[in-house]
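This report looks at a few local features of one protein model. Please have the sequence and the structure at hand.

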Amino acid sequence: MRAATYHDRKDIRVEDVERNAVEDGQVRIDIDSCGICGSDLHEYTAGPIFVPGDEPHPVSQETAPIRMGHEFSGTISEVGGSVTGLEVGDAVAINPILYCGECRQCKEGNYHICDSIGFVGLSGGGGGFAESVVLDAEHAVPLGDDVPIEYGALVEPLSVALHAVRRSGLRAGDAVAVFGAGPIGLAVIQCARAAGAGSIFVSEPRDARRERAADCGATELIDPTSTDAIEHITSNTDGGVDVSFEVAGVEASFNAAVESTAPSGRTTIVSIWEEEVSTHPNNLVLGERTVTGTLAYLGGPRSDEEYGMVIDMLADGRLDPEPFITDRIGLEEIVDDGFERLIDPESDHVKILVKPNE
Ligand SMILES: [Zn+2]
Ligand SMILES: [Zn+2]
């Protein structure tokens, strides 16, 4: 079958790979849609980062070349022995998290911050840019009848955003600021709106992304290249927002996210960073501000896990992935029409879905 494999920086190939057999406890999933994510782009331009280069990943035991794609949905086409609760024909979203099961966080149920965390499609273990994938059954989360299968590919990034909003302590009516309106920033805006945010300020330099932010529920759009975001936010609120989110990954937005909160405000850092930033700790001390990190999500189906919540919120329309999806392409076009277009600074694309079986 055909699959996109990561060999090295700027070397992603669509090639013939082996179709793995389904073993006890596993399922085969025929892929419907797989989103190209910011982390995929980092691997393409600056990797290998999450992709294991020389050392095998401790859970998957694989090194590059690995199959890519971690934001995907599909249909169960084969069910191995001893699998319960999944049947051929079920539409599923994939929870890609790989974890050790033995470290302290895993034992406490927080496998999303496992010492050995990895992701299917980045750390080995198969990937969604392929005709099909074989995974342990626990990675397949049923979408039910009310969520279009294509939207299943957005459950992963939406869960990142929902986890961030739940970590932020946002309360109904709070004023919110979001720095960066890429796919995760847009998802944070939707989740903040669903959580009952009052005003939602969004700072984003690209015009097309600010427009999409408005479609997602932003109430105030700021172009930081022409407006001082901190000054604008503090003078249009009671001295700052209650909660801010940093989703751009640059020093200026880190500091602006902190300084745009009112005293006792809370900032949640969602970005993964390539560089150190410099900041003045007095911005935290004077005003007793808090900065929190957030990573990934709980990827199970239960109503106390983000995947379960996001699927419910997609089913009843509280979340709507349509504003994020800017194109749908075939597998063979993934490099030229996918990766290359998304890294182009002039491009207006947000989320491109790859359809390996169309
Ligand atoms: Zn991702
Ligand atoms: Zn662990």
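Just after helix H5, Gly217 takes a positive phi of about 120°. The model is predicted. Within H5, the buried residues are Ala208, Arg209, Arg210, Ala213 and Cys216. These buried residues pack against helix H4 (183–194), E12 and strand E13 (220–222).

Ahead of H5 (207–216), the loop that follows strand E12 (200–203) holds Glu204. Glu204 is buried but forms no salt bridge. Its nearest side chain of opposite charge belongs to Arg206, 4.7 Å away, and a salt bridge has to fall within 4 Å. The side chain of Glu204 does reach the backbone nitrogen of Ala181, at 2.8 Å. Leaving aside residues up to four places away in sequence, Glu204 touches Gly180, Ala181, Gly182, Arg209, Arg210, Ile222, Asp223 and Pro224. Among these, Arg209 and Arg210 are also on the list of buried residues of H5.

The two distances given for Glu204 are set out below.

| Partner of Glu204 | Distance |
|---|---|
| Arg206, nearest side chain of opposite charge | 4.7 Å |
| Ala181, backbone nitrogen | 2.8 Å |

A metal site lies elsewhere in the chain. The zinc ion (ligand 2) is coordinated by the SG atoms of Cys100, Cys103, Cys106 and Cys114 at 2.3 to 2.4 Å. The angles among its four donor atoms run from 104 to 120°, and the site is tetrahedral. The donor residues follow the spacing C-x2-C-x2-C-x7-C in sequence. Of these donors, Cys103 is in the loop between strand E7 (97–98) and helix H2 (104–107), while Cys114 is in the loop between H2 and strand E8 (118–119), 11 residues apart. Cys103 and Cys114 are both buried.

Conventions. Residues are numbered from 1 along each chain as its sequence is written. Chains are lettered from A and ligands numbered from 1 in the order in which they are written. This is a predicted model: local features need pLDDT of at least 70, side-chain atom pairs count only at pLDDT 80 or more; totals for chains, interfaces and linings use all residues. Side-chain values use heavy atoms; hydrogens and water are left out. Helices (H or I, at least four residues) and strands (E, at least two) are DSSP runs, numbered from the N terminus. Buried means under 20% relative accessible area, exposed over 50%, partly exposed in between (1.4 Å probe, protein chains only). Lys and Arg count as positive and Asp and Glu as negative; His and the chain ends are not counted. A polar contact is a pair of N or O atoms within 3.5 Å; within protein, one must be able to donate a hydrogen and the other to accept it, and residues adjacent in sequence count only if both atoms are side-chain atoms. Contact means heavy atoms within 4.5 Å. Donors are N, O and S atoms within 2.8 Å of the metal (3.2 Å for Na, K and Ca); water is not among the atoms, so sites may look incomplete. Four donors count as tetrahedral if all angles lie between 85 and 135 degrees; four count as square planar and six as octahedral if opposite donors are over 155 degrees apart and all others between 65 and 115; anything else is irregular.
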